[in-house]
Every structure is written in structure tokens, then in C-alpha cells.
Amino acid sequence: MVLEKIGADHVIEPEQDMARQLIFRQLHPNVVNYFKLSKNVSLVEVSVENPRFFNKSLGDLDFRKIRSL
């Protein structure tokens with residue numbers, strides 16, 4: 001891109017950003033909202049439809065012991 005070649009530090013590309021969002025939403029339909037904190041860390045809000053998860057904390061769920069979600 002021309003702006004990057006002339007030394008721009010950050011270039012906003014709305015078409016590519018929207019395409020990424022649309023693809024992400026198609027691949028992850030239960031994701032309500034997400035915020036990328038860094039390259040390897042994201043904060044994600046998901047819609048939970050499994051009644052076994054209702055009104056429980058993450059500690060109560062103990063995902064390491066759940067074998068079939």
C-alpha cells in the first residue's frame with residue numbers, strides 16, 4: 001500500500017477490517033463481542049446455550065473436568 005511505502009506507522013483499511021469481522025462472525029456464531037488485546041490475547045463475550053452452564057462461575061464449571069460439551 002502506498003501509505004506504508006511512504007512510512008505511515010498505521011494504516012486503517014475499513015474494507016479489510018469489515019471482511020475480517022464478517023468472516024469471524026460466520027466462523028464463530030456464538031461470539032457476541034470481542035476485543036483483541038494483543039496478538040495472542042483476546043477478550044471474548046459468548047452466547048451460552050447449554051443449560052449446564054447457566055448461573056455458574058468459571059470455577060464452578062471446571063472446564064478441565066468436562067469431557068463432552
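Here is a short walk through the structure, stop by stop, with something to select at each one. Keep in mind as you click around that this is a predicted model.

**Stop 1: the start of the chain**

Select Met1, Val2, Leu3 and Ile6 and show their surface. Together these four make a nonpolar surface patch of about 430 Å². Now narrow the selection to Met1, which sits in the segment before α1 (2-5). Is Met1 buried, partly exposed or exposed? Its relative accessibility is 46%, so Met1 counts as partly exposed.

**Stop 2: helix α2 and its aromatic partner**

Move on to helix α2, residues 14-27, and pick out Gln21. Gln21 is partly exposed, at 33% relative accessibility. If you draw a distance from the C-alpha of Gln21 to the C-alpha of Tyr34, you should get 10.0 Å, for two residues that are 13 apart along the chain.

Keep Tyr34 selected and add Phe24. How many aromatic pairs does a search of the whole structure find? It finds one, and you're looking at it: Phe24 and Tyr34, with ring centres 4.3 Å apart and planes at 40°, which makes the pair tilted. Why is this pair worth a look in the context of the fold? Phe24 belongs to helix α2 and Tyr34 to strand β1 (residues 31-36), so the pair ties together parts that are 10 residues apart in sequence.

Switch on the surface for these two rings. Phe24 has a relative accessible area of 25%, so it is partly exposed. Tyr34 comes out at 26%, and counts as partly exposed too.

**Stop 3: the largest pocket**

Leave Phe24 and Tyr34 on, then add Phe35, Lys36 and Ser42: these five residues line the largest pocket. Its volume is about 180 Å³. Which element gives the most to the lining? That's β1, with three residues. Both members of the aromatic pair, Phe24 and Tyr34, are part of this lining, so you can stay in one view for a while and rotate around them.

**Stop 4: an unusual backbone angle**

Last, jump to Asn55, in the loop between β2 (42-46) and α3 (58-61). Check its backbone: most residues other than glycine have a negative phi. Asn55 is not a glycine, yet its phi is positive, at about 55°. Turn the surface back on here and you'll find Asn55 exposed, with a relative accessible area of 84%.

Methods: Residues numbered from 1 in each chain as written. Predicted model: local features only at pLDDT ≥ 70, side-chain atom pairs only at ≥ 80, totals over all residues. Heavy atoms only, no water. Patch = residues over 30% accessible without salt bridge, like charges linked within 9 Å, V, L, I, M, F, W, Y side chains within 5 Å. Areas by Shrake-Rupley, 256 points an atom, 1.4 Å probe, with all protein chains shown as cover. Salt bridge = Lys/Arg side-chain N within 4 Å of Asp/Glu carboxyl O. Helix = DSSP H or I, 4+ residues; strand = E, 2+ residues; numbered from the N terminus. Buried < 20%, exposed > 50% of the residue type's maximum accessible area, 1.4 Å probe, protein only. Phe/Tyr/Trp six-rings, centres within 6.5 Å; stacked < 30°, edge-to-face > 60°. 1 Å grid on protein atoms, 1.4 Å probe; cavity = no way out; pocket = protein on both sides within 12 Å on 5 of 7 lines; lining within 4 Å. Points joined across faces, edges and corners; volume = space filled by probe spheres on them.
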